There are 2 protein chains.
Amino acid sequence: MNLVYKALADPTRRKILELLRERDLSAGEIASHFSLAKPTLSGHFSILKAADLIQADKVGTTIIYHLNISVLEESLLSLMNTFNLPSPQSFNSVEDVNE
Amino acid sequence: MNLVYKALADPTRRKILELLRERDLSAGEIASHFSLAKPTLSGHFSILKAADLIQADKVGTTIIYHLNISVLEESLLSLMNTFNLPSPQSFNSVEDVNE
DNA sequence: TTGCTATTTTGCTAAATACCGAAATAGATG
DNA sequence: CATCTATTTCGGTATTTAGCAAAATAGCAA
């Protein structure tokens with residue numbers, strides 16, 4: 001989990017995830033949204049991959065990145081649970097709350 | 001918001017927040033849960049304070065730290081919204097979903 | 001094969017981070 | 001006042017991080 005939280009701590013990486021939430025994008029398409037060198041972005045991709053937040057698929061000479069939305073969702077819910085904060089899960093069983 | 005996400009990226013700081021979720025604690029009480037030097041913990045407190053995640057109240061010679069649970073909650077919900085992930089807010093108006 | 005395009009890997013800096021011990025601060029107490 | 005306790009601030013080091021340009025890789029196409 002720590003890799004995920006570390007990955008989310010950087011604004012550039014959060015922006016990358018936001019872009020990928022809309023649709024899959026190639027490394028170059030993602031890079032075009034930033035004024036950072038491509039190797040720099042490539043480094044961010046590695047970090048996001050290591051955290052399992054994104055997935056890479058090579059199509060010919062381009063690499064298409066895809067957001068692992070479930071990993072992101074589970075990580076954030078797990079963090080909410082850590083702090084006993086209300087999350088969709090909290091609504092699972094009203095009975096538990098009342099007894 | 002970035003200060004919050006940066007603050008949450010460190011495991012020691014997340015642990016501090018978890019401890020404070022149970023009850024308010026003095027700097028020394030918190031320190032007793034870690035094998036880190038007090039100046040190191042004090043540095044973590046500053047970072048959490050700068051992110052407005054905790055609050056410090058001086059009582060005599062001791063400092064009592066208190067978790068700002070609402071700030072933590074709003075930050076995490078805001079992150080979930082950023083990625084269009086389901087959160088309690090999503091349930092606010094079923095009408096919006098249906099029209 | 002040669003060359004073109006997309007991307008990563010390498011090698012390098014500068015800045016940020018986490019840590020520590022020693023010194024400083026501040027409130028309470030004899 | 002002198003001292004004790006709780007905590008922070010200071011000064012320093014080691015590690016990690018984010019950035020870049022240049023070189024390497026890999027697939028495609030002429």
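# Reading contacts and rings beside DNA strand D

Author: Let us begin with one contact in this predicted model: a backbone N or O atom of B:Ile63 lies 3.4 Å from a phosphate oxygen of DNA strand D.

Reader: Which elements give two or more residues to the surface near DNA strand D?

Author: In chain A the element is α4 (38–50), while chain B brings α3 (27–31), α4 (38–50) and β3 (62–67).

Reader: Which chain A residues have an N or O atom beside a phosphate oxygen of DNA strand D?

Author: Two can be named, and they reach the strand through distinct kinds of atom: A:Ala37 has a backbone N or O atom 2.8 Å from a phosphate oxygen, whereas A:Asp10 has a polar side-chain atom at 3.4 Å from a phosphate oxygen.

Reader: Which residues come nearest to DNA strand D, and how many are around it?

Author: There are 22 residues around the strand, and those that come nearest are A:Ala37, A:Thr40, A:His44, B:Gly28 and B:Tyr65. On the DNA side, sugar and phosphate make up 75% of the strand D atoms that come within 4 Å of the protein. Sorted by class, the residues of this surface are 9 nonpolar, 9 polar and 4 charged.

Reader: Turning to aromatic rings, what describes a pair of them?

Author: The distance of the centres and the angle of the planes describe such a pair. Over all chains, the count here comes to 2 aromatic pairs. In chain A, the ring centres of A:Phe45 and A:Tyr65 are 4.5 Å apart and their planes stand at 40 degrees, so the pair is tilted.

Reader: Why does the pair of A:Phe45 and A:Tyr65 tie together parts that are apart in sequence?

Author: Because A:Phe45 belongs to helix α4 of chain A and A:Tyr65 to strand β3 of chain A, the pair joins parts that are 20 residues apart in sequence. As for their surroundings, A:Phe45 and A:Tyr65 are buried.

Reader: What are the distance and angle for B:Phe45 and B:Tyr65?

Author: Their ring centres are 4.5 Å apart with planes at 40 degrees, so this pair is tilted. It links distant parts of the chain, with B:Phe45 in helix α4 of chain B and B:Tyr65 in strand β3 of chain B, 20 residues apart. Both B:Phe45 and B:Tyr65 are buried.

Reader: Which residue lies over the face of A:Phe34, and which over B:Phe34?

Author: In chain A, A:Lys15 lies over the face of A:Phe34 at 5.2 Å from the ring centre, and in chain B, B:Lys15 lies over the face of B:Phe34, at 5.2 Å from that ring centre.

Technical notes: Residues numbered from 1 in each chain as written. Chains lettered and ligands numbered in written order. Predicted model: local features only at pLDDT ≥ 70, side-chain atom pairs only at ≥ 80, totals over all residues. Heavy atoms only, no water. Near = heavy atom within 4 Å. Polar contact = N/O pair within 3.5 Å; in protein donor to acceptor, adjacent residues only side chain to side chain. Helix = DSSP H or I, 4+ residues; strand = E, 2+ residues; numbered from the N terminus. Nonpolar A, V, L, I, M, F, W, Y, C, P; charged D, E, K, R; others polar. Phe/Tyr/Trp six-rings, centres within 6.5 Å; stacked < 30°, edge-to-face > 60°. Buried < 20%, exposed > 50% of the residue type's maximum accessible area, 1.4 Å probe, protein only. Lys NZ or Arg CZ within 6 Å of the ring centre and 35° of its normal.
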